[in-house]
Amino acid sequence: MEKLENIEVWPAHQQIVAAGDPAIGLTHFTDMRLYHGTLQETILRLERSSSHRENLPRGSCGVKVHHVEKWTCPAAQLLTQRAIALFKHMLKVDSAHIDASWANIYRDRDYCVPHSHIRAQASVVYLLDRGDEDPRDKLMGKFYFADPRLPYCCQHHPGHMTRLLIPDMRPGSMIVFPGQVVHSVNPYFGARPRLTLSWNINSQSTAGDPRKTFEGR
């Protein structure tokens with residue numbers, strides 16, 4: 001198996017597509033099988049034992065494990081570098097500073113209320129494992145945008161939201177979007193955990209403690 005340090009952070013032919021809005025970029029990494037297993041094991045181990053773990057009330061995005069970039073896990077370091085690269089590509093900037101990062105572990109009945117990120121120029125989300133799927137409930141556990149500032153959400157009248165923007169995310173997908181855009185995760189009902197990683201990123205460093213603001217993902 002190829003070593004992670006030999007994997008390109010940004011593969012030569014990696015494509016970013018607009019996900020329903022020009023300000024929202026989506027890409028998919030096809031080499032995910034090289035690191036997903038290790039990363040899943042790491043997140044679940046840290047959930048059990050790490051001081052970075054945070055239990056949240058129902059509706060606040062399951063369990064969080066903070067500081068992805070500080071984990072002693074090469075796969076987490078690789079994805080952090082990819083999140084930074086996606087931010088730079090999408091915003092056309094040369095610098096990037098992580099303000100906050102975390103993994104989310106969703107279990108049965110967990111969900112995330114609509115919210116935005118106060119301290120993020122842009123936010124990046126990576127879908128590691130979508131957990132169980134239910135063919136009778138296509139929206140179960142789906143990440144979506146619900147914001148009247150997005151034209152896609154307002155198909156009938158500007159500023160009047162009548163539909164959700166649900167990006168086509170699957171394991172290996174990474175999405176970047178403006179931090180102020182309202183987003184959410186539908187209730188998840190499954191036996192296996194649903195796993196994501198997130199980063200709040202700015203082109204310049206931001207003073208203060210990001211943990212003092214709500215930033216669920």
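This is a dialogue about how to read one predicted model, from its overall fold down to its disulfide.

Reader: What should I know before I begin?

Author: The model is predicted, so local features need pLDDT of at least 70 and side-chain atom pairs count only at pLDDT 80 or more, while totals for chains, interfaces and linings use all residues. Residues are numbered from 1 along each chain as its sequence is written, and side-chain values use heavy atoms, with hydrogens and water left out.

Reader: Which pattern does the chain follow along the sequence?

Author: Helices (H or I, at least four residues) and strands (E, at least two) are DSSP runs, numbered from the N terminus. Here the chain has two helices and eleven strands, and read along the sequence they follow the pattern β-β-α-β-β-α-β-β-β-β-β-β-β.

Reader: What radius of gyration does the chain have, and what would a compact globule have?

Author: The radius of gyration is taken over C-alpha atoms, and the globule rule is 2.2 Å times the number of residues to the power 0.38. For 217 residues that rule gives a value near 17 Å, and the chain, at 16 Å, agrees with it. Buried means under 20% relative accessible area, exposed over 50%, and partly exposed in between, with a 1.4 Å probe and protein chains only; buried residues make up 50% of the 217 residues in the chain.

Reader: In which order do the strands of the open sheet stand?

Author: Two strands pair if DSSP finds at least two bridges between them. In this model eight strands form an open sheet in the order β1-β2-β9-β7-β11-β5-β4-β3, with antiparallel pairing. β1 (17-18) and β3 stand at the edges with a single partner strand each, so one side of each is left without a neighbour in the sheet. At one edge, two bridges join β1 to β2, and valine 17 stands opposite leucine 26 in β2. At the other, β3 and β4 pair over three bridges, where glutamate 54 has lysine 64 in β4 as its bridge partner. Four bridges then join β4 to β5, and lysine 64 stands opposite asparagine 104 in β5.

Reader: Are the faces of β4 covered or open?

Author: In a regular strand the side chains alternate between the two faces of the sheet. Both faces of β4 are covered, since Val63 and Val65 on one side and Lys64 and His66 on the other are all buried.

Reader: How many residues does helix α2 have, and what covers its buried residues?

Author: The expected span of a helix is 1.5 Å times one less than its number of residues. Helix α2 (residues 74-91) has 18 residues and reaches 26 Å from its first C-alpha to its last, close to the 26 Å expected. Its buried residues include Leu78, Leu79, Ile84 and Phe87, and what covers the buried residues of α2 includes α1 (36-49), β5 (97-106) and β11 (194-202). Just after α2, lysine 92 takes a positive phi of about 55°.

Reader: Which cysteines does the disulfide join?

Author: A disulfide is a covalent bond between the sulfur atoms of two cysteines, and the cut-off for the pair of sulfur atoms is within 2.5 Å. The structure holds one disulfide, which joins cysteine 61 to cysteine 112 with an S to S distance of 1.9 Å. Cysteine 61 lies in the loop between β3 (53-55) and β4 (63-66) and cysteine 112 in strand β6 (residues 112-115), so the pair ties together parts that are 51 residues apart in sequence. Cysteine 61 is buried at 0% relative accessible area, and cysteine 112 is buried at 1%.

Reader: Why is cysteine 153 not bonded to cysteine 154?

Author: The sulfur of cysteine 153 is 6.1 Å from the closest cysteine sulfur, in cysteine 154, which is too far for a bond. Cysteine 153 counts as buried, at 0% relative accessibility.

Notes:
Contact = heavy atoms within 4.5 Å.
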